[in-house]
Amino acid sequence: MLEPKSCPHCLGWGLLFMRRCGGCSSFARPGSDGRCVGCAGYGPLRKGYCRLCWCQARTDAAAAGARAESLLPELRHHQLFFAHMAPLWERVPRARQPKYERRGRPRRPDPPPASPPGGWLQPALFDVCRDFTRIDPDQHTGPDNPWLAWARHTAHRLGEVRGWPRKVRFGVDRALIILMSRHIGDDVVRHSELYPALRPRRLNMELTIEVLDHVGVFLDDRTPSFEHWLQRKLDGIAPGIRRDVEHWIRLLHDGGPRSQPRDEATVWNYLNRVRPVLIDWSGRYDHLREVTRDDVLAQLDALHGSQRQHTLIVLRSLFGRAKKSGTIFKNPTGRIRVGQRESGIIQPLDPEHIDNSVAAVTKPADRLVLALAAVHAARSGAIRRLQLDDLDIGNRKLTIDGRSRRLDDLTLRVAREWLEFRRRRWPDTVNPHLLINKITALGTGPVSQVSLTAPLRGQAATLEQLRVDRQLEEALAHGPDALHLAEVFGLDEKTAIRYANSARAILERPLETDPATSPRTHGSTP
């Protein structure tokens, strides 16, 4: 029959063929999943009655001790209730038997002791990359695998020694189940296979790699960033010149039989400085042996100051290595003087900048770092290398890079605050370094350089500037004595002389006087 009905999208009323609810006489959408509109759409009709009618019938039947279906024909009302509250048809929750004792779930047993799997194994015919993303750790695939048992036992020992928290230990164990449950023979776990399996699950990759490395099944197949950088920087250079430059750069980076490897930042600066010169020569020459002394002087004449000096030093290193390897006959940079670099006068920091840096640090570790740099003139690398044994609270001594000094009251107070915070935050860590964070607390390595400099980022007085200002303050307070500075801070001779010269220039600066031409300095009247 033709009855009014509310639209299921906008609830507007229209004239459609409908079925009426037998209990509350409300209209429902026709079809197998038709819902009662008047009853707020609590489900399709069942035996001609909506869901709300069935719920009301169950409530009345529970009180009368009858069946709910027998009370449906006599039902003519609904018990109203507030929205988003517990409906009447929800039964009272039954008292469940506790699954565990009052202390909660028992502690998961430790993995049993295991030994490295031995015996003869069939070697693999060829290497195949495996897909660990399809393995579900909840299924415990291959729990009897001896390689998995050995890896879990190794992780358990490392966790006890390093003081890993319970959540970290469970995460590493879950990662080992994914990676080692199907391990056989001389298989290896590559970094390219490990990353897509652990990173989406947010499992700790660094600690898992450390465990796999202890077991001896990890293979780091990543290409070093230095290789990508080198190939990008050598692009555009002539092949003959490129061979000598690449050999020179790799020897600086990796070292050789008679040369020590340089710092990676030094290698970057060397190649970045000489690359424009090499590209210019690549347009005219095919080999470094074609470069003459005039070509070198022409490149140096276009530069001034420290850029000219640095470029000449880098070219000397390049041509010296090429001549030693026999690829050139004569060094074109010979007898070209570098010259003495003039150093400016070091100026003290403004008190306002120092106060801003002090106000910017709020954490105990940051305050300790600031005190070490501003009071003891410690470099950031020396601060990172500090061990717990280097701090002697009882005797009030601090050892920085092998040089012992007495602790002042300020450094002693912030050091005690940091040690108390460290004890409360990481009570089980075995990291011997004085400064640790949430990442290094699980291992034995030092904190990163960024973690030290980040709190003072954007400030006018950084850690390096505070260190320089402390050494200049010592020279101003005790006189421009280079020997005293070298003894107190362990400075190089040239560095100590530079600080002494800067202090002498500041102390001998003439006093400012009023100009003699001022009309009020000769007894004039206003």
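**Figure 1. Overview of the predicted protein chain.** The accessible surface of the protein chain comes to about 33800 Å², and 52% of this area belongs to carbon and sulfur atoms. The model shown here, and in every view that follows, is a predicted one. Its secondary structure comes to 19 helices and nine strands, and of the 526 residues in the protein chain, 35% are buried. Among the contacts with a separation of 6 or more, 57% are accounted for by residues that lie 24 or more positions apart.

**Figure 2. Close-up of the salt bridge between Arg130 and Glu193.** Side chains of opposite charge can pair when their charged atoms come close. A search of the whole structure finds 18 salt bridges, and one of them is formed by Arg130 with Glu193, whose closest N and O atoms are 4.0 Å apart. This pair links distant parts of the chain, since Arg130 sits in the loop between α2 (68-71) and α3 (146-162) while Glu193 belongs to helix α5 (residues 191-198), 63 residues apart. Arg130 counts as partly exposed at 26% relative accessibility, whereas Glu193, with a relative accessible area of 4%, is buried.

**Figure 3. Close-up of the salt bridge between Asp173 and Arg152.** In this pair, the closest N and O atoms of Asp173 and Arg152 are 2.6 Å apart. Here too distant parts of the chain are linked, with Asp173 in helix α4 (residues 166-180) and Arg152 in helix α3, 21 residues apart. Asp173 has 13% relative accessibility and therefore counts as buried, while Arg152, with a relative accessible area of 26%, is partly exposed.

**Figure 4. Close-up of a salt bridge within helix α8, and of a network.** Arg250 forms a salt bridge with Glu246, and the closest N and O atoms of the two residues are 3.2 Å apart. Because Arg250 and Glu246 are four residues apart in helix α8 (residues 239-254), they are separated by about one helical turn. Arg250, at 24% relative accessibility, counts as partly exposed. Elsewhere in the view set, Arg130, Asp187, Arg190 and Glu193 are joined into one network by salt bridges that share partners.

**Figure 5. Close-up of a positive surface patch.** The residues that form this patch are Arg293, Lys323, Lys330 and Arg335. Arg293 is found in helix α10 (residues 293-301), and with a relative accessible area of 34% this residue is partly exposed.

**Figure 6. Close-up of the surroundings of Ser502.** Ser502 has its place in helix α19 (residues 493-507), and at 2% relative accessibility it counts as buried. When residues up to four places away in sequence are not counted, Ser502 touches Gly344, Ile345, Ile346 and Leu472.

**Figure 7. Close-up of the surroundings of Ala461.** Ala461 is found in the loop between α16 (449-453) and α17 (463-478), and its relative accessibility of 0% means that Ala461 counts as buried. Leaving aside residues up to four places away in sequence, Ala461 touches Leu349, His353, Ile354, Ser357, Leu456 and Leu466. Ala461 and Val358 are 103 residues apart in sequence, and their C-alpha atoms are 9.4 Å apart in space.

Notes: Residues numbered from 1 in each chain as written. Predicted model: local features only at pLDDT ≥ 70, side-chain atom pairs only at ≥ 80, totals over all residues. Heavy atoms only, no water. Salt bridge = Lys/Arg side-chain N within 4 Å of Asp/Glu carboxyl O. Helix = DSSP H or I, 4+ residues; strand = E, 2+ residues; numbered from the N terminus. Buried < 20%, exposed > 50% of the residue type's maximum accessible area, 1.4 Å probe, protein only. Patch = residues over 30% accessible without salt bridge, like charges linked within 9 Å, V, L, I, M, F, W, Y side chains within 5 Å. Areas by Shrake-Rupley, 256 points an atom, 1.4 Å probe, with all protein chains shown as cover. Lys, Arg positive; Asp, Glu negative; His and termini not counted. Charge placed at Lys NZ, Arg CZ, Asp CG, Glu CD. Contact = heavy atoms within 4.5 Å.
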